[in-house]
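Here's a quick briefing to read with the structure open beside you. Take it one topic at a time and find each residue as you go.

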Amino acid sequence: AMMAHHRAAAANSPDAAPAGLLTWESLSEALAALSQDSFNSVAKLSEGFGEGSAYRPQVDVLMKHLQRGVVETMIERRFTSKGRRLFRLLIDRPMLESKMVWDLAMLPKKEANQILCGMLRAQLVCVQEVPRSADHNAQRTFFLWHVDWDRLVKQAREELVAAMEQLLVRRADQVRECWEGVRRRG
């Protein structure tokens, strides 16, 4: 309540920033909150007294978060929200056995297997076979699902570049067709 009173008094003062503009106080509060959240996107470097505290954005954390968002969106478009749920599960808990994947994702076995196999064919997830016996019998083998993040990010980057190339080629074709149409009319 005391902080709200000070903010209200500061907002009514003649030196207050116009509405919508960021003040040093609000920036400092936002950076302090970001440095304390579980996302760890901002690191507090030093505690300042007269001139304020020093903060640094965690670019590697932000990049990984952005990459994960892009990859998850790509997966959801191809495999629905259930595929995204399975993918998140494998990112957060690598090397899960098939039964654990079904149970934790709360999906029927058949549906989860169909999605996982589709994701495996698309090389979005990996499976590692761990035999329980020397004869490598499938009945006595654990199948552990996981995500090779580095390979997946590289694959997503390649797919995005290919899509951009296709769009640029399509745009060039459209421009050429438009100019041909203009020349015929003129």
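Let's start at Leu90: setting aside residues up to four places away in sequence, Leu90 touches Leu96, Val101, Leu116, Val125, Trp145, His146 and Val147. Keep in mind that you're looking at a predicted model. With Leu90 as your landmark, here's the rest of the tour.

**The overall picture**
- The chain has six helices and five strands.
- If you walk along the sequence, the pattern goes α-α-β-β-α-β-α-α-β-β-α.
- There are 186 residues in the chain, and 23% of them count as buried.
- Take the contacts in the chain with a separation of 6 or more: 42% of those come from residues 24 or more positions apart.
- The accessible surface adds up to about 13,700 Å², and carbon and sulfur atoms own 58% of that.

**The nonpolar core**
- Leu90 shows up again here, because the largest nonpolar core, a set of buried residues joined through side-chain atoms within 4.5 Å, has 26 residues, and Phe87, Leu90, Val101 and Met119 are those with the most contacts inside it.
- Four helices each chip in at least two residues of this core: H3 (59-92), H4 (98-105), H5 (109-121) and H6 (149-185).
- Helix H3 gives the most to this core, with eight residues.
- As background, nonpolar side chains in soluble globular proteins tend to be buried together.

**Two helices that cross**
- How do H3 and H6 lie relative to each other? Their axes come within 10 Å and cross at roughly 90°, so the two helices are roughly perpendicular to each other.
- On the H3 side, the contact is made by Lys64, Gln67, Arg68, Val70, Val71, Met74, Arg78, Phe87 and Ile91.
- On the H6 side, look for Trp149, Leu152, Val153, Ala156, Arg157, Glu159 and Leu160.

**Two residues to find in H6**
- Leu152 sits in helix H6, and its relative accessibility is 2%, so it counts as buried.
- Not counting residues up to four places away in sequence, Leu152 touches Val71, Phe87, Gln123, Leu124 and Val147.
- Leu152 and Val125 are 27 residues apart along the chain, yet their C-alpha atoms are separated by 8.2 Å.
- Gln155 is in helix H6 too. Is Gln155 buried or exposed? With a relative accessible area of 13%, Gln155 is buried, because the cut-off for buried is under 20%.
- Leaving out residues up to four places away in sequence, Gln155 touches Ala122, Gln123 and Leu124.

**The three-stranded sheet**
- Strands S3, S5 and S4 make an open sheet in the order S3-S5-S4, and the pairing is antiparallel.
- S3 (96-97) and S4 (126-131) stand at the edges with a single partner strand each, so one side of each has no neighbour in the sheet.
- S3 and S5 run antiparallel and are joined by two bridges.
- Which residue is the bridge partner of Glu97 in S5? That's Leu144.
- In general, strands of a sheet pair through backbone hydrogen bonds, either parallel or antiparallel.

**One end of S5**
- Thr141 is found in strand S5, which covers residues 141-146.
- Thr141 has a relative accessible area of 9%, so this residue is buried.
- Aside from residues up to four places away in sequence, Thr141 touches Glu129, Val130, Pro131, Arg132 and His136.

Definitions and conventions:
Residues numbered from 1 in each chain as written. Predicted model: local features only at pLDDT ≥ 70, side-chain atom pairs only at ≥ 80, totals over all residues. Heavy atoms only, no water. Buried < 20%, exposed > 50% of the residue type's maximum accessible area, 1.4 Å probe, protein only. Contact = heavy atoms within 4.5 Å. Areas by Shrake-Rupley, 256 points an atom, 1.4 Å probe, with all protein chains shown as cover. Pairing = 2+ DSSP bridges. Axes fitted to C-alpha atoms, helices over the stretch in contact; angles between N-to-C directions. Parallel < 35°, antiparallel > 145°, perpendicular 65-115°, else oblique.
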